[in-house]
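Thanks for sharing this one with me. Here are my notes, written so that you can follow along with the structure open beside you.

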Amino acid sequence: MSEAKVTAIHAGRIAPLGPNGVPSAFVKSPVSGGAYVGVLGLAGDEQADLTVHGGRDKAVYAYAQANYDLWRTDFPELADKFGPGSVGENLAIEGMSEKDMCVGDVHAIGGALLQVCQPRQPCFKFALRFEDERLPPAMMLNGRSGWYYRVLQEGGIGDGESVRLHARPNPDFPFQRLVEIISRRRVREDEATRLASMDGLAAQWREYFSSKKPA
């Protein structure tokens with residue numbers, strides 16, 4: 001974590017995706033010279049369907065640089081398609097992954113403070129991007145979900161910016177554990193009780209886990 005850094009910044013505009021031209025900003029382009037991060041995300045980054053994308057709890061999508069090599073190993077026929085920006089992320093980060101953080105961690109990146117608030121649940125657009133329907137379920141199974149940041153403090157982020165741990169409100173609840181719970185869609189009573197009021201967790205998931213608590 002002490003050596004983690006941003007290796008690439010990407011933003012996307014809404015454009016047709018796939019053979020039927022589904023509106024999507026999944027395909028991202030590199031942003032040179034850094035980007036300003038507001039409460040709703042990177043300047044210049046768009047979302048086509050605001051019912052499932054965007055918002056304060058999905059403001060910035062980050063992905064571990066090391067995950068690309070693992071995808072290439074799993075799907076060698078798609079190896080040339082995996083790389084920074086390819087899975088729709090805004091930030092590619094080297095030196096940390098889903099296994100190195102806890103739910104609610106606050107990271108200082110450049111002038112911004114970003115909070116880890118939920119994993120990604122891949123939709124059909126991931127399959128359209130790579131023309132391969134195996135990828136969304138594979139992401140759910142392998143746990144290489146990436147993570148969404150909530151923006152606590154707006155600011156600029158540049159290429160090569162270090163990622164520093166600013167606060168850790170839930171040191172006993174690894175982010176990877178949350179990914180596994182969401183993937184299996186089965187939650188124990190003690191997990192539901194804890195997650196329903198967890199500091200930093202996305203509001204939609206706090207509500208979901210609250211509904212799973214015993215009456």
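1. Start with β5 and β12, which pair in the antiparallel sense over three bridges. One place to look is Ala35, which stands opposite Ile157 in β12. Keep in mind as you read that this is a predicted model.

2. Now turn to the other partner of this strand. β5, residues 35-38, also pairs with β6, again in the antiparallel sense, and here there are two bridges. Gly38 faces Gly41 in β6, while the bridge partner of Val37 is Leu42. Follow the chain from one strand to the other and you will trace a hairpin, with two residues between β5 and β6.

3. Put those pairs together and you have an open sheet of three strands, in the order β6-β5-β12, with antiparallel pairing. Which strands are at the edges? They are β6 (41-42) and β12 (155-157), each of which pairs on one side only.

4. There is also an open sheet of eight strands, and this one has mixed pairing. Reading across, the order is β4-β1-β8-β7-β11-β10-β9-β13. Why do β4 and β13 each have one side without a neighbour in the sheet? Both β4 (29-30) and β13 (163-167) stand at the edges with a single partner strand, so one side of each is left free of a neighbour in the sheet.

5. Within the eight-stranded sheet, take a look at β7 (residues 60-64) and β11 (residues 147-153). These two strands run antiparallel and are joined by three bridges. Val60, for example, stands opposite Tyr149 in β11. Helix α1 (residues 65-74) packs on the sheet, where it touches β1 (5-11), β7 and β8 (91-94). The direction of α1 makes about 60 degrees with that of β7. Helix α4 (residues 175-184) packs on the sheet too, touching β10 (112-119) and β11, and its direction makes about 35 degrees with that of β10.

6. Next, the interior. In soluble globular proteins, nonpolar side chains tend to be buried together. Here the largest nonpolar core has 56 residues, and Leu91, Trp147 and Tyr149 are the ones that touch the most other members. Which residues does Leu91 contact, leaving aside its neighbours within four places in sequence? Among them are Val6, Ala8 and Ile9, then Val60, Tyr61, Ala62 and Tyr63, and also Tyr149 and Ile157. You have already met Ile157 as the residue opposite Ala35.

7. Asp74 makes a nice contrast for practice. This residue lies in helix α1, and its relative accessible area is 43%, so Asp74 counts as partly exposed. Leaving aside neighbours within four places in sequence, Asp74 is in contact with Asn142 and Arg144. Try locating Tyr63 as well: Asp74 and Tyr63 are eleven residues apart along the chain, and their C-alpha atoms are separated by 17 Å.

8. Finally, a pair of helices. Two packed helices are described by the angle between their axes and the distance between the axes. For α5 (residues 189-196) and α6 (residues 203-211), the angle is about 140 degrees and the axes are 8 Å apart. The two helices are therefore oblique to each other, and their crossing is left-handed. Where they meet, Ala192, Leu195 and Ala196 of α5 come up against Arg206, Phe209 and Ser210 of α6.

Note on methods
Residues are numbered from 1 along each chain as its sequence is written. This is a predicted model: local features need pLDDT of at least 70, side-chain atom pairs count only at pLDDT 80 or more; totals for chains, interfaces and linings use all residues. Side-chain values use heavy atoms; hydrogens and water are left out. Two strands pair if DSSP finds at least two bridges between them. Helices (H or I, at least four residues) and strands (E, at least two) are DSSP runs, numbered from the N terminus. A nonpolar core is a set of buried Ala, Val, Leu, Ile, Met, Phe, Trp, Tyr and Cys residues joined through side-chain atoms within 4.5 Å. Buried means under 20% relative accessible area, exposed over 50%, partly exposed in between (1.4 Å probe, protein chains only). Contact means heavy atoms within 4.5 Å. Axes are lines fitted to C-alpha atoms, for helices over the stretch in contact, and angles run from 0 to 180 degrees between N-to-C directions. Angles under 35 degrees count as roughly parallel, over 145 as roughly antiparallel, 65 to 115 as roughly perpendicular and the rest as oblique. A crossing is left-handed if the near helix is turned anticlockwise from the far one by less than a right angle, and right-handed if clockwise.
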